[in-house]
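Notebook open, coffee poured. I want to look up one helix and one pocket today and jot down what I find.

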Amino acid sequence: MSIAENRRARYDYHIEEQFEAGVVLSGWEIKAIRAGQVQLTDGYVMIKDGELFLIGCRINALRSASTHVTPEADRTKKLLMHKAEIKRLVGKVEQRGFTLVPLNLHYKGGRVKADIALAKGKAQHDKRETEKKRDWEREKGQLMRHKVSNKS
């Protein structure tokens, strides 16, 4: 079940590979995520000291958050992956000019997981091409629905 999706990532980047990583969260963040108070659009993944960190993922605290907890909406969250996978990602990011972007947050076995992608940025003409394809698919669907409804 999907929690939040970064739809902008597929528009701005060519997605090469996709990976799943666990997310280290505190209790108030889990409660806020279950209430739908999460935003992933400005997020990106950074590699530091052989570890992955999710930056820019905004989780707004609930009004009913505990008084002894000081919630920070833009806190940096650590991502959990196997060391071998992280080393492979580090190699690709440093050598070939790839970047890591979060695609979505979802539940798996009662835990929150993040799908991250190894991606390359799109040029402006590629973005226009993506927009043309999306518009054509929408128009084609409308034509097909119109054609089917006229036969009845």
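These entries go through the helix first and then the pocket.

Note to self before I start: this is a predicted model.

Entry 1, the helix. I pulled up H2, residues 27-34. Which of its residues are buried? I got Trp28, Glu29, Ala32 and Ile33. Why do they sit on the same side of H2? They cover an arc of only 135° around the axis, which puts them there. That fits the textbook picture: an α-helix has 3.6 residues a turn, so residues three or four places apart point the same way.

Entry 2, the other face. I turned to the face of H2 directed away from the buried side and found the exposed residues Lys31 and Arg34 there.

Entry 3, packing. I asked what the buried residues of H2 pack against. My list has five entries, all strands: E1 (2-5), E3 (38-39), E6 (58-59), E7 (77-80) and E8 (99-108).

Entry 4, past the helix end. Gly36 follows H2, and I read a positive phi for Gly36, near 85°.

Entry 5, the pocket. I looked up the largest pocket and noted a volume of about 160 Å³. Its lining includes Ile30 and Arg34, along with Leu80 and Tyr107. Which elements give two or more residues to the lining? They are strand E2 (13-23), H2 and strand E9 (111-121). E9 provides the largest share, 3 residues.

Entry 6, lining chemistry. I sorted the lining residues of the largest pocket into 6 nonpolar, 2 polar and 3 charged. Arg34 turns up twice in my notes: on the exposed face of H2 and in the pocket lining.

Key. Residues are numbered from 1 along each chain as its sequence is written. This is a predicted model: local features need pLDDT of at least 70, side-chain atom pairs count only at pLDDT 80 or more; totals for chains, interfaces and linings use all residues. Side-chain values use heavy atoms; hydrogens and water are left out. Buried means under 20% relative accessible area, exposed over 50%, partly exposed in between (1.4 Å probe, protein chains only). The arc is that of the directions from the helix axis to the C-beta atoms. Contact means heavy atoms within 4.5 Å. On a 1 Å grid over the protein atoms alone, a cavity is a set of points where a 1.4 Å probe fits but cannot get out, and a pocket is an open set with protein on both sides within 12 Å along at least five of seven lines; lining residues have an atom within 4 Å of a point. Grid points are joined across faces, edges and corners, and a volume is the space filled by probe spheres set on the points. Ala, Val, Leu, Ile, Met, Phe, Trp, Tyr, Cys and Pro count as nonpolar, Asp, Glu, Lys and Arg as charged, and the others, Gly among them, as polar.
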